[in-house]
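Please load the model in your viewer, with side chains available for display. The stops below go from one helix to the next, and each one says what to select and what is there.

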Amino acid sequence: MNTRFAVATHILTFLAYQGGQPATSELIAASVNTNPTFIRRLLTQLAKAGLTTSQLGAGGGALLAHPASRISLLDVYRAIDEEQQVFALHDAPNPQCPVGRNIDAVLKGRMLEAERALQAQLAKTSIADLAADIAERNKVA
């Protein structure tokens, strides 16, 4: 998994933290500390998944398409990870080798179990949970 999941989660949490105020890609990019073009690409993916929407015109920007409590980290993972795969098997191990010939078969089941466990854990946390944790941390700081 690359950083797109973490950045997409950051974007959605930022939008939740905005309290319903639209956020421009430039504003979000400043929070993420990255390029607004990268943010726009991720916002496009999040919009295709139905997680964000856009408000056009002056004062416009990105908004959550649903309440933050209804957007889970699993939703983010599914929106961003096109392959829906945390672990990938390597291509073309040597079929002449007893390990190479069998590694995919013996590793695949274990990797699928780990992916299911990850997805179950991601489903338990919402964007609202993250925004609340951030608000709490900001009180302490």
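**First stop: α4 and its cover**

Select α4 first: what covers its buried residues includes α1, α3, α5 (98-123) and α6, where contact means heavy atoms within 4.5 Å. Helices (H or I, at least four residues) and strands (E, at least two) are DSSP runs, numbered from the N terminus. This is a predicted model, in which local features need pLDDT of at least 70 and side-chain atom pairs count only at pLDDT 80 or more, while totals for chains, interfaces and linings use all residues. Residues are numbered from 1 along each chain as its sequence is written, and side-chain values use heavy atoms, with hydrogens and water left out.

Staying with α4, one finds a helix that is mostly covered, since six of its eight residues are buried; buried means under 20% relative accessible area, exposed over 50%, and partly exposed in between, with a 1.4 Å probe and protein chains only. The residues to highlight as buried are Leu73, Leu74, Val76, Tyr77, Ala79 and Ile80. At the start of α4, look for a side-chain oxygen of Ser72, which reaches to within 3.2 Å of the backbone nitrogen of Leu74.

**The nonpolar core**

Next, show the largest nonpolar core, which has 31 residues, and in which Ile11, Leu12, Ile28, Ile39, Leu46, Val76 and Ile127 have the most contacts. A nonpolar core is a set of buried Ala, Val, Leu, Ile, Met, Phe, Trp, Tyr and Cys residues joined through side-chain atoms within 4.5 Å. At least two residues of this core come from each of α1 (4-17), α2 (25-32), α3 (36-48), β2 (61-64), α4 (73-80) and α6 (127-140), and α1 gives the most, with eight residues. Centre the view on Ile39 and, leaving aside residues up to four places away in sequence, its contacts are Val7, Ile11, Ser25, Ile28, Ala29, Val32 and Thr34.

**Along α3**

Select α3 as a whole: its 13 residues reach 18 Å from the first C-alpha to the last, close to the 18 Å expected at 1.5 Å a residue, the expected span being 1.5 Å times one less than the number of residues. Its buried residues are Phe38, Ile39, Leu42, Leu43, Gln45 and Leu46. Viewed down the axis of α3, these buried residues fall within an arc of 160°, so they line one face of the helix; the arc is that of the directions from the helix axis to the C-beta atoms. Arg41 and Lys48, on the other side of α3, are exposed. The elements that cover the buried residues of α3 include α1, α2, β1 (52-55), β2 and α4.

Now go to the start of α3, where a side-chain oxygen of Asn35 comes to within 2.6 Å of the backbone nitrogen of Thr37, and then to Gly50, just after the helix, which takes a positive phi of about 80°. Gln45 deserves a selection of its own: this residue is buried, with a relative accessible area of 19%, and its side chain makes a polar contact with the side chain of Arg4 (3.3 Å). A polar contact is a pair of N or O atoms within 3.5 Å; within protein, one must be able to donate a hydrogen and the other to accept it, and residues adjacent in sequence count only if both atoms are side-chain atoms.

**α2 and the loop after it**

Moving to α2, highlight its buried residues, Ser25, Ile28, Ala29 and Val32. Down the axis of α2 they fall within an arc of 100°, so they line one face of the helix, and their cover includes α1, α3 and β2. Then pick Asn33, in the loop between α2 and α3, whose phi is near 65°, a positive value in a residue other than glycine. Asn33 counts as exposed, at 70% relative accessibility.

**Last stop: the salt bridges**

The structure holds two salt bridges, a salt bridge being a side-chain nitrogen of Lys or Arg within 4 Å of a carboxyl oxygen of Asp or Glu. In one of them, the side chains of Arg40 and Glu26 meet (3.4 Å, N to O). Arg40 lies in helix α3 and Glu26 in helix α2, so this pair ties together parts that are 14 residues apart in sequence. Arg40 is partly exposed at 38% relative accessibility, and Glu26 is partly exposed with a relative accessible area of 46%.

The side chains of Lys139 and Glu136 also meet in a salt bridge (3.9 Å, N to O); both residues lie in helix α6, three residues apart, about one turn of the helix. Here Lys139 counts as exposed, at 64% relative accessibility, whereas Glu136 counts as partly exposed, at 44%.
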